[in-house]
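User: I have a structure open and some terms I want to understand. Can you take me through how each one is earned?

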Amino acid sequence: MSAFTDAMGQLAAGVSVVTVRDDRDDLGVTISALMSVSLDPPLVLVSLGSRGYLSEVLLRRDRWACSLLSSGQAAMASRFAAAGRP
């Protein structure tokens with residue numbers, strides 16, 4: 001079993017943080033809509049609002065990260081979910 005398959009198997013209805021590096025800053029947002037689309041190649045689908053700055057940056061970048069959070073990482077989820085955070 002691949003690491004991707006194992007990770008997706010542990011994500012029942014979890015919360016994740018999507019991050020991307022911009023020229024000026026690293027950006028991130030908490031999401032609750034993440035699902036596996038394909039195992040070969042490994043692909044995931046995330047749902048984001050299309051009018052935000054993060055969406056704009058994601059369209060310009062070819063690399064981003066998605067961190068699957070555990071139940072003990074509520075503080076991390078809250079940090080990336082807060083509006084207007086630094």
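**Terms and their tests**

Analyst: Start with a charge and a ring. Arg79 lies over the face of Phe80, at 5.9 Å from the ring centre. Keep in mind that this is a predicted model.

User: What makes Arg79 count as lying over the face of Phe80?

Analyst: The test asks for CZ of Arg within 6 Å of the ring centre and within 35 degrees of the ring normal. Arg79 is at 5.9 Å from the centre of the Phe80 ring and lies over its face. So the charge sits over the ring.

User: How many aromatic pairs does a search of the whole structure find?

Analyst: Zero. To pair, ring centres must lie within 6.5 Å.

User: Why are β1 and β2 called paired strands?

Analyst: Pairing needs at least two bridges. Six bridges join β1 (residues 16–21) to β2 (residues 26–31), so the two strands pair. They run antiparallel. Ser16 has Ile31 as its bridge partner in β2. Val20 stands opposite Leu27 in β2. The link from β1 to β2 is a hairpin through four residues.

User: What makes β5 a partner of β1?

Analyst: The same test applies: at least two bridges. Four bridges join β1 to β5 (residues 65–68), so these strands pair as well. They too run antiparallel. Thr19 has Ala65 in β5 as its bridge partner.

User: In what order do the three strands of the open sheet lie?

Analyst: The order is β2-β1-β5, with antiparallel pairing. β2 and β5 are the edge strands, as each pairs on one side only. From one strand to the next, the twist averages 20°. Helix α3 (residues 74–81) packs on this sheet and touches β1 and β2. The direction of α3 makes about 115° with that of β2.

User: Why is the set with Val18 and Val20 called a nonpolar core?

Analyst: A core needs buried nonpolar residues joined through side-chain atoms within 4.5 Å. Buried means under 20% relative accessible area. Val18, Val20, Leu27, Ile31, Leu34, Leu54, Val57 and Leu58 meet that test, so these eight residues form a core, the largest one. β1, β2 and α2 (53–60) each supply at least two of its residues. α2 gives the most, with three. In soluble globular proteins, nonpolar side chains tend to be buried together.

Technical notes. Residues numbered from 1 in each chain as written. Predicted model: local features only at pLDDT ≥ 70, side-chain atom pairs only at ≥ 80, totals over all residues. Heavy atoms only, no water. Buried < 20%, exposed > 50% of the residue type's maximum accessible area, 1.4 Å probe, protein only. Axes fitted to C-alpha atoms, helices over the stretch in contact; angles between N-to-C directions. Contact = heavy atoms within 4.5 Å. Phe/Tyr/Trp six-rings, centres within 6.5 Å; stacked < 30°, edge-to-face > 60°.
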